[in-house]
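User: I'm new to this structure and would like a close look at just one part of it. Could you walk me through how a helix there sits against its surroundings?

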Amino acid sequence: MTVKQLHSIEELHEFVGQPGKQFLFKHSTTCPISAKAFEEFKGFLSENPTSSAIVHVIEDRPVSNQIAEEFGIKHESPQIFLIENGEVLWNTSHWKIKKDAIKEALANE
């Protein structure tokens, strides 16, 4: 499963506008906590292929800021969102980003 990297606000809107459930992951390429969370996310995706995108919060800060603004959820990194029809169904951050937690969120929402 490929995780699409979003580089622009237009790409963000295109991704969020797709039908169905999807995951959006905000990732800091300089943070070890974020690296571990991304490994957990990739582990989840290897068993549960789901439409997914990633935003590198340092390299693509305007996109990262737009996510916080549009969804009204304080920026954190790492941070993951489960989205459907442009609405956030679930989100969490930091050490709470675990393969089982993501799986549970997808099953429960």
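Analyst: Sure, and keep in mind that this is a predicted model. Let's start with one pair of residues: L24 has A53 in β3 as its bridge partner. That pair belongs to a bigger match-up, in which strand β2 (residues 21-27) and strand β3 (residues 51-56) run parallel and are joined over 6 bridges.

Now zoom out to the sheet. It's an open one with 5 strands and mixed pairing, and the order across it is β1-β3-β2-β4-β5. β1 (4-5) and β5 (87-93) are the edge strands; each has a single partner, so one side of each has no neighbour in the sheet.

Here comes the helix. α1 packs on this sheet and touches β1, β2, β3 and β4 (79-84). The direction of α1 makes about 150° with that of β2.

The sheet isn't what we'll end on, though, since α1 also meets a helix. In general, a packed pair of helices is described by the angle and the distance between the two axes. For helix α1 (residues 9-16) and helix α3 (residues 61-71), the axes come within 9 Å and cross at roughly 45°. That angle makes α1 oblique to α3, and the crossing of the two is right-handed.

Who does the touching? From α1 it's I9, L12, H13 and V16, while α3 brings P62, V63, Q66, I67, E70 and F71. Sorted by class, this contact of α1 with α3 has 7 nonpolar residues, 2 polar and 1 charged.

So, to recap α1: it packs on the sheet and it crosses α3.

Definitions and conventions: Residues numbered from 1 in each chain as written. Predicted model: local features only at pLDDT ≥ 70, side-chain atom pairs only at ≥ 80, totals over all residues. Heavy atoms only, no water. Axes fitted to C-alpha atoms, helices over the stretch in contact; angles between N-to-C directions. Helix = DSSP H or I, 4+ residues; strand = E, 2+ residues; numbered from the N terminus. Parallel < 35°, antiparallel > 145°, perpendicular 65-115°, else oblique. Left-handed = near helix turned anticlockwise from the far one by under 90°. Contact = heavy atoms within 4.5 Å. Nonpolar A, V, L, I, M, F, W, Y, C, P; charged D, E, K, R; others polar. Pairing = 2+ DSSP bridges.
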